[in-house]
Structure formats: structure tokens, C-alpha cells
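Hi,

Here is the structure I promised to pass on. Have a look at it first, and my notes follow underneath.

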Number of protein chains: 4
Amino acid sequence: MPVNAKIRVNFYDTDAMAVVHHANYIRWFEIGRVEYLRSIGITLNDLMEDGFVFPITEISAKFVSPGYYDDDLIIETTATELTKVKMAFNYKVYREKDGKLLVTGHSQNVYTSRETGKITRLTEKYHKKLEEAIKKERDENDV
Amino acid sequence: MPVNAKIRVNFYDTDAMAVVHHANYIRWFEIGRVEYLRSIGITLNDLMEDGFVFPITEISAKFVSPGYYDDDLIIETTATELTKVKMAFNYKVYREKDGKLLVTGHSQNVYTSRETGKITRLTEKYHKKLEEAIKKERDENDV
Amino acid sequence: MPVNAKIRVNFYDTDAMAVVHHANYIRWFEIGRVEYLRSIGITLNDLMEDGFVFPITEISAKFVSPGYYDDDLIIETTATELTKVKMAFNYKVYREKDGKLLVTGHSQNVYTSRETGKITRLTEKYHKKLEEAIKKERDENDV
Amino acid sequence: MPVNAKIRVNFYDTDAMAVVHHANYIRWFEIGRVEYLRSIGITLNDLMEDGFVFPITEISAKFVSPGYYDDDLIIETTATELTKVKMAFNYKVYREKDGKLLVTGHSQNVYTSRETGKITRLTEKYHKKLEEAIKKERDENDV
């Protein structure tokens, strides 16, 4: 089930072409996956307190149509992989008022230990929530 | 022939994981392609004065190893496609002091008319320079 | 009457000290004054369509206490001057959950013509709304 | 003796008014003071390794004239106070090609302990360098 986050384009998000600078969408994908994780009961602060960090390993985006100052945008986030060692998400960014698709994207990140900096496996506490969420995504897509 | 640009990681480029936030590399790819174009005699200001804008249509990146505050980074940019309607570049970001590869990436952008916002073709003045550059890239890779 | 805007601190807003990088508050002041103007019926898009731009001429801030990742912040904006040629605002940024004051600030901007780049006077349409708003601020402070 | 740092305005530094967004100068002041400190033999990495962080407590800026895409800017930084507990700097940002003054500013920061988060005093190792530098600044201004 996709999770929606909403943001408004600020003046400082625009560039001299009078559109949203494309790198901002990469930042906003982060807002999307944070809200996805929150919706299944996981926060980055909890992960960090338990010694996990979550560096992005891959990102991609297609920019379909420009966003403008003061647009309200919907960041729709769907999990595509949620395991003990990595997470992957798909993103769709829409303009709220006309439903226009502006950007699609994908990200992948791994879990690493804050202490050692090495790739690590999530504890069961987190893994259980992620497993349930990805199962739900797959069941919905099977219907 | 790859063109190198150099940047230093600022404190404001880091995040609470004490590494460079990944979205900054997407911004730095821009520095790379701007310097590539400058090296073949094309500036964005000239393009804009002639009525062209150059929205990014696709971006992707793999984050191999983290960058840290005060690192000097080399952004190595190679053109992979330079036509009348679009440009595509590959990027490699290295840390200067140890030569470590931090990030690889790719971008594609099209040309649009500032006035109409529609996709347009570059004039011969620019096309000639781009054609020569991409020919050179291919000749070098053939060797 | 102060106008409140609400933002959530993103991971990309933090720096390697694990707190909000101070320059972000300067960006967020913009969110504050945009919402203030919207509350009195003025949008930046309307101003730009009517040929006005609104460069910031002065900014100042005191950073009282750090903001952290995932904090919900309240940006409280009060107008201190709203004339045909300039606007000035005071800002207070609080953390919502404990009411702690994080930052105070002030900004001033002038109106310039998009066409000439020179300082200009707002038309009556805007001036009337601004005059009413500042009168209200003063009446409230007099009580 | 002022220390100069040089930066080039990127496309992503501009906003829809086709000028540098003002909040970027606040970030660039950081580049200025980092280079000032480096010039007297102090790096932020050394400070952090020794357990010091250096939150900004005050910032102010006057925006005199707009910066544009691809401008080469000089950030001229002068120390005004360098004690065991705080540092203060003045900034002037010039465009290199015409020497035009774009922005002036001031910042102040304190030293805090990474461990306790509380204000702390620098060790003699750093204090000695700072004392020499500020003495030099004063001697030069007295001439």
C-alpha cells in the first residue's frame, strides 16, 4: 500500500529556470521513505539508537514534468524490497491540484553498524515489521 | 576525454551520519557537466541567452563509499551522448587524497525552448561543438 | 497577530554535529513570511505576475538551542514593517513537543521591478492589504 | 589580515528570480571561516577529534547586490573576536570580475563539548593560535 507524504515547493527549491531544481526530488524521496517507515512503526531515530545507520546505495529518477513554486506535491512511496540487509522503494511525485505526475524514482539502501561502518543485519524487532509490510505489498499486487 | 572538476566537502554538505548526504552528489554532477561543456566552449549562460533551457530528464547514481567533511573530491565527467536534442553524461566521483571511488552516476537532459517550454533542437553553433566532442570521446574509446 | 507555519526537520537538514545546520533556519524564515503574506491574501506568484520581485536586503538570527532530526518546528512570524517599498518580519522558531525556543530572527526585503531590477513601489492592490495587516499588528501590541 | 576563499555560483544556487538565493551566502560564510581557521593552522576535524563542536550562535547579513549563475565570488573573512569560548567573524562577498560587493555579514559561534553539549573552553593548543591571529588583526587595524 503506497504511503503519501505532502510537501509544498518553497521559493528556495526553485532555480533560475523557474522550476524545482531536480536534486530536490532526491531529497524529497527521503521524506517519502521516512513516512513509509513511520507508517509501519519504524523511525530513523529508533534505528540510530539501536546502532543502525542506513546509507543509500542506489538512486534513480525520471523527471517527467516540471514542478513550480508553491505547488503542493504528493510523494507516493511503495516498498519493493524490505529485508534484514536492505530496503528498496519506488516513488511517484504528483502535483496535487491537477494530479500531474512530475517524477518517478527508486532508491535502495543497506543497513550498516554505526560503530563499525560495516553492513549489518537488522534485529528481529525491525525485521518483523518490515516483513509484514512487504508481504502486504505483495498480496495487494497479486490481487 | 573525461573532464575533471574539483570540489571540497563543506560542513553543510554532511548529515547526522557524519557523511556527505547523498543528494549532494546529484548537485555535484551538475558541476561536472557544466565544466565538461565549458571545456568544449559552451556555457549555460550562452545557451540561455540563445533561448535554450536544459532540464534533466533522467538521473541515476550508485553510492559506493561515503565522503567526509573536508574531503577534496574529483568529479570526472564523460559525455556518452551529445545530439541536437539531448545530452547524456557519466560521472565518477573520487576522493583526491586516496583515489577512492565514492559515487558513479549518469544523467540525461533535453533541450527545451525558454519561450514555449517545448523540446527543441540546438542550433548548429552549439551542435557542431557537441558533435566534435562526442566524436573525440568515441575515437578515444575505440583505441 | 503572529502566523504559524509548521515544518518537520528532515535528515538532510542535519549536519555532522547531528543538529539542524543553522543555514536551514534562514530558509525556513522564508516559509514563515510566505505563510504570513498568504494569511493576508498575498501570494508571491501574484506579486511576480504583477511584475514585482522581493529580494531580501537584511537577515539576522540568534541560535538559542539546537533542533534535531524529526523535530516538528513552529515558525512564528510577525510583521514589523509593511510599506509600499519594504517588508520586515520577526521570526521565532519553537520545537512543538516541548515548546522550546530554538531560533529568533529578523528579515527585511524591498520590492523591485522584475523588468528593470530597480526598487519600486507596490500598487494599491497589495499596499491596502499590507497596511491593514500592519495596523492590526500595532493595535494588538498597543493593548 | 582577511583570508579569501573563492567559490563559483552553481545553477542549483539560483532561484526563480534568477539570482543567488540569499540563504546560500549564509552557507558560504562557513567556507570563509573554515579557510580563515585553516590559514592559522586549525581545522574543524582537529577540533572535533579533540571533542569540540562549534555551533553558530548569531548570524547577520546585508544583501547589497545580487549574485548570478556562474559568477566567481570572493568570500573575504576577517576575525573580530577569537577567545577560548567564542569566535566572531566579518564577511564580505565580492564578485571577482567587477569587484562588486554583493553581501556583508557577521557570525559568532561558541565552543561546546561534543560529549556534554555544554559550552566549554578551548585548550591552550588552539587558544594560542587564535590569540596570535586576533593580535595580528588588531595590530594591522591599528596601523
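Let me start with a helix. Helix α1 of chain A covers residues 23-39, 17 residues in total. From its first C-alpha to its last it reaches 25 Å, close to the 24 Å expected at 1.5 Å a residue. Before you read on, bear in mind that this is a predicted model.

Is α1(A) out in the open or enclosed? Of its 17 residues, 14 are buried, so α1(A) is largely enclosed by the rest of the structure. After the helix comes Gly41(A), which has a positive phi, near 85°.

For a single residue in the matching helix of another chain, try Val34(B), which lies in α1 of chain B. Val34(B) has 21 other C-beta atoms within 10 Å, and a residue counts as buried from 20 upwards, so Val34(B) is buried. Ala5(B) is 29 residues away from Val34(B) in sequence, yet the two C-alpha atoms are 9.2 Å apart in space.

Now the sheet, which is worth tracing on screen. It is an open sheet of 10 strands with antiparallel pairing, and it takes strands from chains C and D. The order runs β1(C)-β4(C)-β5(C)-β6(C)-β3(C)-β3(D)-β6(D)-β5(D)-β4(D)-β1(D). At the edges sit β1 (3-8) of chain C and β1 (3-8) of chain D, each of which pairs on one side only. From one strand to the next, the twist averages 20°.

You can walk through the chain D half from its edge:

- β1(D) pairs with β4 (residues 72-82) of chain D in the antiparallel sense, over six bridges. Within this pair, Asn4(D) has Glu76(D) in β4(D) as its bridge partner.
- β4(D) also runs antiparallel to β5 (residues 86-95) of chain D, and nine bridges join the two. Here Glu76(D) is partnered by Lys92(D) in β5(D). The connection from β4(D) to β5(D) is a hairpin through three residues.
- Towards the chain C half, β3 (residues 56-63) of chain D and β6 (residues 101-110) of chain D make an antiparallel pair with seven bridges. Opposite Ser60(D) stands His106(D) in β6(D).

So much for strands within one chain; next, the contact between chains A and B. How many residues does each chain bring to it? Chain A and chain B contribute 16 residues each. On the side of chain B that touches chain A, α1 (23-39) and β3 (56-63) each supply at least two residues. The biggest contributor on that side is β3(B), with eight residues. By type, the chain B side splits into 10 nonpolar, three polar and three charged residues.

There is strand pairing across this contact too: β3 (residues 56-63) of chain A and β3(B) are antiparallel, with five bridges between them. Glu58(A), for instance, has Lys62(B) in β3(B) as its bridge partner.

As for symmetry, chain B superposes on chain A by a rotation of 180° with 0.0 Å of shift along the axis, at an RMSD of 0.0 Å. In chain B, the C-alpha of Ser60(B) comes nearest that axis, at 2.0 Å. The copies meet through the same surface, because 100% of the interface residues of chain B are also interface residues in chain A.

The other contact I looked at is between chains A and C. It puts 11 residues of chain A in contact with 11 residues of chain C. On the chain A side, α1 and α2 (44-49) each supply at least two residues, and the largest share, three residues, comes from α1(A). The chain A side divides into five nonpolar, three polar and three charged residues.

What relates chain A to chain C? A rotation of 180°, with 0.0 Å of shift along its axis, superposes chain A on chain C with an RMSD of 0.0 Å. The two copies are therefore related as by a two-fold rotation axis. The C-alpha of Ile7(A) is the one in chain A nearest to this axis, 4.8 Å from it. Both copies use the same surface, with 100% of the contact residues of chain A recurring in chain C.

That's everything from my side.

Cheers

Methods:
Residues are numbered from 1 along each chain as its sequence is written. Chains are lettered from A and ligands numbered from 1 in the order in which they are written. This is a predicted model: local features need pLDDT of at least 70, side-chain atom pairs count only at pLDDT 80 or more; totals for chains, interfaces and linings use all residues. Two strands pair if DSSP finds at least two bridges between them. Helices (H or I, at least four residues) and strands (E, at least two) are DSSP runs, numbered from the N terminus. Axes are lines fitted to C-alpha atoms, for helices over the stretch in contact, and angles run from 0 to 180 degrees between N-to-C directions. Two residues are in contact if their C-beta atoms, placed from the backbone, lie within 7 Å. Ala, Val, Leu, Ile, Met, Phe, Trp, Tyr, Cys and Pro count as nonpolar, Asp, Glu, Lys and Arg as charged, and the others, Gly among them, as polar. Copies are superposed by least squares on the C-alpha atoms of residues with pLDDT of at least 70 in both. The expected span of a helix is 1.5 Å times one less than its number of residues. A residue is buried if 20 or more other C-beta atoms lie within 10 Å of its own, exposed if 12 or fewer, and partly exposed in between; C-beta atoms are placed from the backbone.
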